[in-house]
Amino acid sequence: MAEPTLRVGAIDCGTNSIRLLVADIDPATGSLVDLHRRMEIVRLGHGVDRTGVIAPESMERTLRVTREYAVTCRELGAERVRFVATSASRDARNAEEFISGVRTAFQEDFGAEVAPEVVSGQEEASLSFSGATGGLAALGVRGPYLVVDLGGGSTEFVRGTDHVEASRSVDIGCVRLTERHLATDPPTQAEIEAATADIDAAIDLAEQSVPFDGVATLVGLAGSVTTITAHLLRLPAYSAERVHLTRSTPEAMIAASSDLLSMTRAERAALPYLHPGRVDVIGAGGLVWRRIVARVAQRSGITEIVTSEHDILDGIALSQLSR
């Protein structure tokens, strides 16, 4: 007799956003059917690079949304919930206060304790890889894949075909670099050069652990990459369905990234596919992504980039089959 589907909740709490997925998983095939996806920009990591602590208002915003997610998981009948916290929660001195707040929110609004896991960069990379690459081979997308998850505070590089062969997390992201370097609207050439030096040093570090040569397909994940892809497509409004599995050339992706970097804040805010919470940080996201794309293309000769809407959130959901 076939095993019944497992209904799970998955939460990815990053530096810039907190996202929820409630899905049914078929234990026999590992296939995942979405019931509910939601994303909110909460800026948990705002200022953490400078101060070393999560700001009270950022903590309050994130815990308020966490309570809403706990209610959704209860109402939709999730049997298991996994809450993964990434870069900001690794870096902040008051991370324990945040973890305690999440535990209380779920105890009160879900009815069971859910302890957030502040995962290592290596675990984060593995979850991103499984979420992003599941099903790519069946669509004719060739490996080895280099999966790049470009976040607010960190970026994960993961190489593999049917499993992770090498991974590295580095401390570059759209929020961290905006706060560190890009103060002018639009950024000055000097600011861009200073940020680029940080980015290139981080890519050098990643490449020490994760070889770029021989990669067949670069797979880009997370809000900066999906937004840049929406800009490349000039969508009338953001559409996850249109963005997911978009294939583009390195040249087109670099051009779209550069365009967003050169815009003023007002010009970016007027774009119909740009989430208001990304207006201030997408320029830095574009700068990081164009440097990564250029380096990988130079090393491997790739001619195609795939953008995926399936990422660490899907990996968090799928990981619950084996827990």
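Phe 83 is buried, with 1% relative accessible area, a value under the 20% cut-off for buried residues. The model described here is predicted. Phe 83 belongs to an aromatic cluster that also takes in Phe 98, Phe 106 and Phe 110. The points below cover that cluster, helix H10, an open sheet of six strands, and two buried residues, Leu 127 and Thr 217.

**Aromatic rings**

- A pair of aromatic rings is described by the distance of the centres and the angle of the planes.
- The structure holds four aromatic pairs.
- One of them joins Phe 83 and Phe 106, with 6.4 Å from centre to centre and 85° between the planes, and this pair is edge-to-face.
- This pair links distant parts of the chain, since Phe 83 sits in strand E4 (residues 80-85) and Phe 106 in helix H4 (residues 95-109), 23 residues apart.
- Phe 106 is buried, and its relative accessible area is 0%.
- Phe 106 also pairs with Phe 110: the ring centres are 5.9 Å apart and the planes stand at 70°, so this pair is edge-to-face. Planes over 60 degrees apart count as edge-to-face.
- Is Phe 110 buried or exposed? Both Phe 110 and Phe 106 are buried.

**Helix H10**

- Helix H10 covers residues 250-262, and at 1.5 Å a residue its 13 residues should span 18 Å. The C-alpha atoms at its ends are 18 Å apart, which agrees with that expected span.
- The buried residues in H10 are Pro 250, Met 253, Ala 256, Ser 257, Leu 260 and Leu 261.
- Why do these residues count as lying on the same side of H10? They cover an arc of only 140° around the axis, so they are placed on the same side of the helix.
- The elements that cover the buried residues of H10 include four helices by name: H7 (189-209), H8 (222-233), H11 (265-269) and H12 (282-300). Strand E10 (246-248) and strand E11 (305-307) are also among the covering elements.

**The six-stranded sheet**

- Strands of a sheet pair through backbone hydrogen bonds, either parallel or antiparallel.
- In this open sheet of six strands the order is E8-E7-E6-E9-E11-E10, and the pairing is mixed.
- Which strands form the edges? They are E8 (164-170) and E10, each of which pairs on one side only.
- From one strand to the next, the twist averages 20°.
- Strand E7 (residues 155-160) pairs with E8 in the antiparallel sense, over six bridges.
- Arg 159 stands opposite Ala 166 in E8.
- Helix H8 lies across E6 (145-150), E9 (217-221), E10 and E11, and runs at about 100° to E6.

**Two buried residues and their contacts**

- Leu 127 is found in helix H5 (residues 121-133). Its relative accessibility is 5%, so Leu 127 counts as buried.
- Leu 127 and Asp 311 are 184 residues apart along the chain, while their C-alpha atoms are separated by 7.6 Å.
- Setting aside residues up to four places away in sequence, Leu 127 touches Arg 82, Val 84, Asp 311, Ile 312, Gly 315, Ile 316 and Ser 319.
- Thr 217 has its place in strand E9. With 4% relative accessibility, Thr 217 counts as buried.
- Apart from neighbours within four places in sequence, what does Thr 217 contact? Thr 217 is in contact with Val 141, Arg 142, Pro 144, Tyr 145, Leu 146, Ile 302, Glu 304 and Val 306.

Technical notes
Residues numbered from 1 in each chain as written. Predicted model: local features only at pLDDT ≥ 70, side-chain atom pairs only at ≥ 80, totals over all residues. Heavy atoms only, no water. Phe/Tyr/Trp six-rings, centres within 6.5 Å; stacked < 30°, edge-to-face > 60°. Helix = DSSP H or I, 4+ residues; strand = E, 2+ residues; numbered from the N terminus. Buried < 20%, exposed > 50% of the residue type's maximum accessible area, 1.4 Å probe, protein only. Expected span 1.5 Å × (residues − 1). Arc of directions from axis to C-beta. Contact = heavy atoms within 4.5 Å. Pairing = 2+ DSSP bridges. Axes fitted to C-alpha atoms, helices over the stretch in contact; angles between N-to-C directions.
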